[in-house]
Amino acid sequence: VFVFRTGATGTYVVGASTLPRTLRLDAKAFNEYLASDGVTDMLDARKRSNELNTPSHERYSKHVKTLIQVGDARTPGYDAVLNYPAEIVPLDNPYALKVGGVVRARVLVDGRPVANQLVIAGGRTPSGARLAVSNVRSGQDGVARVTIGSPGYWYIKFIHMVPVTGDSLNYESKWATLT
């Protein structure tokens, strides 16, 4: 938790990025994590290569951004690229959209757009109830399109995981979230 004071009215970007950490999981726990956290492409790859019984040793890092609207003035800068290892860059100011509108968000890994990345969106209503979660895929340009189905506090996230060879690790994941 941190406290900060904004300046003038406008749209602000706040970000945080963690250093990589490692995690070991037995095969069952790793498969459950892949299924529950939306890393289904890796789970499918493990099924195809008959590795569902292989434990994991994963290096992961998390990279978060949030947009904060102060007052009514919508200002540029919401699309700032923070050069994180994994990042979501909104191409539209979500505060300028109405229910039914679409937020276009570019998903980047190591500064490059990622095609066909599974992106998950959800959140909470103003009263705190959970919003329905939706899954979309980024296009060839790395852009995911998320429809704002109701008012609320929204997030867009993805986990980009790749196998690692020639190391004590067997996976590396980079997590990105935009709220």
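How much space lies in the largest pocket? About 490 Å³. This is a predicted model, so every value here is computed from predicted positions. Rolling a probe the size of a water molecule over the atoms shows where empty space is left.

Start with the walls of that pocket. Its lining is made of 20 residues. Pro94, Tyr95, Gly152, Tyr153 and Trp154 lie nearest the centre. Two elements give two or more residues to the lining: strand 3 (56-70) and strand 10. Strand 10 gives the most, with four residues.

Now follow strand 10, which spans residues 153-163. Strand 10 pairs with strand 11 in the antiparallel sense, over eight bridges. One pair to find is histidine 160, which stands opposite lysine 174 in strand 11. Strand 11 also pairs with strand 3. Eight bridges join them, but here the strands run parallel. Look for lysine 62 opposite tryptophan 175 in strand 11.

Strand 10 has a link to strand 7 as well. Five bridges join these two, and they run antiparallel. Strand 7 also pairs with strand 8 (residues 134-137), in the antiparallel sense, over four bridges. Alanine 121 shows both pairings. It stands opposite serine 134 in strand 8, and its bridge partner in strand 10 is isoleucine 156.

Is strand 7 largely enclosed or largely open? Strand 7 covers residues 118-124, and six of its seven residues are buried, so the rest of the structure largely encloses it.

Next comes the interior. In soluble globular proteins, nonpolar side chains tend to be buried together. The largest nonpolar core here has 21 residues. Ile88, Val107, Val119, Ile156 and Phe158 have the most contacts inside it. Six elements give this core two or more residues: strand 4 (86-90), strand 5 (102-109), strand 7, strand 9 (143-147), strand 10 and strand 11. Strand 5 gives the most, with four residues. Take phenylalanine 158 as an example. Leaving out residues up to four places away in sequence, phenylalanine 158 touches residues including Ile88, Val107, Val119 and Trp175.

Another core lies apart from that one. It has nine residues, among them Phe30, Val39, Met42 and Leu43.

Met42 and Leu43 lead to helix 2 (residues 40-48), where they are buried along with Arg46. These three cover an arc of only 105 degrees around the axis, so they sit on the same side of helix 2. What do the buried residues of helix 2 pack against? Helix 1 (27-36), strand 10 and strand 11. After helix 2 comes asparagine 50, whose phi is positive, near 55 degrees.

Finish with one residue of strand 5, arginine 106. Its relative accessibility is 26%. Buried means under 20%, and exposed means over 50%. Arginine 106 therefore counts as partly exposed. Setting aside neighbours within four places in sequence, arginine 106 is in contact with Glu87, Ile88, Val89, Leu91, Pro113, Asp141, Gly142 and Val143. Alanine 144 is 38 residues from arginine 106 along the chain, yet their C-alpha atoms are separated by 6.2 Å.

Key: Residues numbered from 1 in each chain as written. Predicted model: local features only at pLDDT ≥ 70, side-chain atom pairs only at ≥ 80, totals over all residues. Heavy atoms only, no water. Buried < 20%, exposed > 50% of the residue type's maximum accessible area, 1.4 Å probe, protein only. Pairing = 2+ DSSP bridges. Arc of directions from axis to C-beta. Contact = heavy atoms within 4.5 Å. Core = buried A, V, L, I, M, F, W, Y, C linked by side-chain atoms within 4.5 Å. 1 Å grid on protein atoms, 1.4 Å probe; cavity = no way out; pocket = protein on both sides within 12 Å on 5 of 7 lines; lining within 4 Å. Points joined across faces, edges and corners; volume = space filled by probe spheres on them.
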